[in-house]
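Colleague: Hi! Could you walk me through this model?
Modeller: Happy to. Here it is.

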Amino acid sequence: MEPGNTVGEREGEMDLEEFVREEEEVAGTETHRPCLSSYVDEGSKESHRYYLARRTVMEMLKDRRFAVPIEQIQLTLQEFRAIYGQIPNLDLLNVSFSHISNPSKKIKVIFSGPGVVKVHMIRNLAGQLGDHNSYCGMILIIENRITNPALKALDLFSFKVEIFQVVCCCGSVLLIFFDDVHVVD
């Protein structure tokens, strides 16, 4: 077993794959353990998940030198819920920002919601964004899977589209980047 690929510091340590498999088994049973955040957070898990995902994206865009107001990054969970609610309206979460050094260079962030991302959603986005020349990129935050026809429909955009999938793990939210997505017919 390689160092760094183990979980725990007890006799009989398990590798990471075994740990994940065990966690999935526990999550699949009726008596699975509640998320740690549920002990301190009385709001909806959905709003907490979107809060963490949105904050992560804001920090990432700030690091990429987009003009993200610091207030957007420092927004507390309670402030987020006061603005967006316990079940956030995804249209309100969608944002766009200009680059600091070139304000004509804009990026759009879209939260797709819990459903499977299908081709009609991508086509609707392309229609809603109108003049594609005003954007240099788009970040699509998905919670579920994206179909192959939807991946192919991303060619409708004249700019780079990055896809991040929201994954909940051990009370945290991870954004997994889809890099080099290959469409298989």
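Modeller: Helix H4 (residues 77-84) has Leu77, Phe80, Arg81 and Tyr84 as its buried residues. Buried means under 20% relative accessible area, exposed over 50% and partly exposed in between (1.4 Å probe, protein chains only). Helices are DSSP runs (H or I, at least four residues), numbered from the N terminus.

Colleague: Why do the buried residues sit on the same side of H4?
Modeller: Because they cover an arc of only 95° around the axis, taken from the directions from the helix axis to the C-beta atoms.

Colleague: What do they pack against?
Modeller: The buried residues of H4 pack against H2 and helix H5 (90-93).

Colleague: And which exposed residues are on the face turned away?
Modeller: That face of H4 carries Gln78, Ala82 and Ile83. Just after H4, Gly85 has a positive phi of about 90°.

Colleague: Which loop is Arg65 in?
Modeller: Arg65 lies between helix H2 (45-63) and helix H3 (70-73). Its phi is positive, about 75°, though Arg65 is not a glycine. Most residues other than glycine have a negative phi.

Colleague: Switching topic, what is the average pLDDT?
Modeller: The protein chain averages 77, and 66% of the residues score at least 70; pLDDT is the predictor's confidence in each residue, from 0 to 100. Over residues 1-14 the pLDDT is below 50.

Colleague: Any ground rules?
Modeller: This is a predicted model, where local features need pLDDT of at least 70, side-chain atom pairs count only at pLDDT 80 or more, and totals for chains, interfaces and linings use all residues. Residues are numbered from 1 along each chain as its sequence is written, and side-chain values use heavy atoms, with hydrogens and water left out.

Note on methods
Helix = DSSP H or I, 4+ residues; strand = E, 2+ residues; numbered from the N terminus. Contact = heavy atoms within 4.5 Å.
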